[in-house]
Amino acid sequence: MRRRARGRVAAAFAAAAVLAPTASGCVTVHGELAVVPAVTKDEAAEALTAFTEAYNKADKAYDPALDAGRVTGALGAINQAGLKSRSITSPDGNPGHRPLELTDAHYAIPKKAGWPRWFVADTDSNRDVDKGADDDRWLLVFVRNGPEQLWEVAYLQILPASGVPKFKTDQDGWAEPAAPDSTALAVAPKNLSEEYSSYLQTGRPAHFAAGPHTSVWRDERAKIAKRPGLATQYVDQPLDTGDYAPLGLTTQDGGALVFFATRFYDRQVAAPGYRPKVSPDVRALMTGEVKSSLTREWVSSQAVVVKPAGAETDRVTVVGRLQGVTSATGS
């Protein structure tokens with residue numbers, strides 16, 4: 001199943017602005033008032049190379065320290081927990097390591113004032129078929145919180161090549177960010193994490209379009225909760241501050257592609273005389289001992305297409321989801 005395959009592949013300055021010319025003709029701004037591109041295309045390419053090199057070193061050694069400086073936010077939480085777990089279950093490293101290659105990169109670089117600055121790298125990976133319906137694109141959202149910090153990847157989504165929307169650009173090719181509180185969109189990006197968490201719990205608000213990451217996932221949860229001998233409860237929470245803040249780009253139709261994060265817990269309680277099963281990967285992250293219950297904490301990142309305000313429908317379509325266990329507790 002394609003959705004399962006993708007899941008494997010698997011997170012203020014002074015008011016006066018001081019401007020310094022750069023080789024590309026853009027400017028480096030020490031201030032928060034000037035609206036400038038977040039990065040040059042050459043610098044974006046360097047950030048992508050640095051991320052890929054660090055990712056490969058960490059994946060080969062199963063050592064989270066090797067790419068800790070290149071990931072943050074939702075991807076950082078998922079990546080670091082996964083590497084920590086595998087460092088325990090496979091202490092000699094990754095015997096099946098295959099270097100990740102990210103090529104054919106297209107950069108969507110928004111113009112904005114102040115920090116954080118960010119951009120999206122739309123890339124082709126060596127993890128799939130390069131043509132036809134099976135071709136995927138890796139979209140990486142790079143974030144930088146100040147001039148002395150490294151570029152880090154906060155979000156990763158793997159979308160079919162045909163599913164990557166066309167971004168709105170100005171005459172110079174720079175992208176347009178979707179403001180967190182935008183009234184030009186059917187749903188403001190800053191509300192998505194809370195609304196999605198609410199939807200998964202209650203089915204409301206109802207403007208999330210049916211699909212594998214919405215209605216189907218709610219149905220799957222309901223079935224799991226009814227399994228005999230093992231009661232499962234879910235708790236969903238918004239995760240939308242700091243490096244988990246939503247980031248979006250305006251699309252050519254006036255809508256936006258927005259990346260945002262949530263946190264959820266699933267708690268399994270077994271009937272008397274039974275214990276929840278614990279996989280080795282989860283056990284490596286667990287505190288306590290499973291006697292009758294197991295609680296897992298997950299971080300989940302989503303990419304959604306939001307309609308422009310005034311459209312015939314306010315449907316929000318979840319086009320991608322990447323999640324991972326970040327901790328576990330037995331009792």
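1. Thr123 is a residue of strand E6. In this predicted model, Thr123 has 0% relative accessibility and so counts as buried, the limit being under 20%. Apart from neighbours within four places in sequence, the contacts of Thr123 are Leu48, Leu102, Thr103, Asp104, Ala105, Asp136, Arg137, Trp138 and Leu140.

2. Strand E6 belongs to an open sheet of 4 strands, ordered E4-E6-E7-E8 and paired antiparallel. Strand E4 (102-108) and strand E8 (152-160) form the edges, each pairing on one side only. From one strand to the next, the twist averages 25°.

3. Within the sheet, strand E6 (residues 117-125) and strand E7 (residues 136-144) run antiparallel and are joined by 7 bridges. Two of the facing positions can be named: Ala121 is opposite Leu140 in E7, and Arg117 is opposite Arg144 in E7. On to the next strand, E7 and E8 are also antiparallel, with 8 bridges between them; here Leu139 stands opposite Gln157 in E8. Of the 9 residues of E7, 8 are buried, so the strand is mostly covered, by the criterion of under 20% relative accessible area.

4. What lies across the sheet? Helix H2 (residues 41-61) lies across E4, E6, E7 and E8, and runs at about 135° to E4. The buried residues of H2 pack against those four strands, E4, E6, E7 and E8, and against H3. They are Ala44, Ala47, Leu48, Ala50, Phe51, Thr52, Ala54, Tyr55, Asn56, Ala58 and Asp59. Leu48 also appears among the contacts of Thr123.

5. The length of H2 is close to expectation: its 21 residues reach 31 Å from first C-alpha to last, against 30 Å expected at 1.5 Å a residue. Just after H2, Tyr62 has a positive phi of about 50°.

6. Helix H3 (residues 73-89) has 17 residues and spans 25 Å between its first and last C-alpha, close to the expected 24 Å. Its buried residues are Gly73, Ala74, Leu75, Gly76, Ala77, Ile78, Asn79, Ala81, Gly82, Leu83 and Ser85. These pack against H2 and E8, and also against strand E11 (256-270), helix H6 (280-283), strand E13 (293-306) and strand E14 (316-330).

7. How many salt bridges does the model have? The count comes to 7. One of them pairs Arg137 with Asp104, with the closest N and O atoms 2.9 Å apart. Because Arg137 lies in strand E7 and Asp104 in strand E4, this pair ties together parts 33 residues apart in sequence. The burial of the partners is as follows: Arg137 is buried, at 7% relative accessible area, whereas Asp104 is partly exposed, at 44%. Both residues are listed as contacts of Thr123.

8. A second salt bridge to check is that of Arg296 with Asp266, with 2.7 Å between the closest N and O atoms. Arg296 is in strand E13 and Asp266 in strand E11, so the pair ties together parts 30 residues apart in sequence. Both partners are buried. Elsewhere, Asp104, Asp122 and Arg137 are joined into one network by salt bridges that share partners.

9. Lys168 and Glu176 also form a salt bridge through their side chains, at 3.4 Å from N to O. Are these partners buried or partly exposed? Lys168 is partly exposed, with 38% relative accessible area, and Glu176 is partly exposed, with 33%.

Conventions:
Residues are numbered from 1 along each chain as its sequence is written. This is a predicted model: local features need pLDDT of at least 70, side-chain atom pairs count only at pLDDT 80 or more; totals for chains, interfaces and linings use all residues. Side-chain values use heavy atoms; hydrogens and water are left out. Two strands pair if DSSP finds at least two bridges between them. Axes are lines fitted to C-alpha atoms, for helices over the stretch in contact, and angles run from 0 to 180 degrees between N-to-C directions. Contact means heavy atoms within 4.5 Å. The expected span of a helix is 1.5 Å times one less than its number of residues. Buried means under 20% relative accessible area, exposed over 50%, partly exposed in between (1.4 Å probe, protein chains only). A salt bridge is a side-chain nitrogen of Lys or Arg within 4 Å of a carboxyl oxygen of Asp or Glu.
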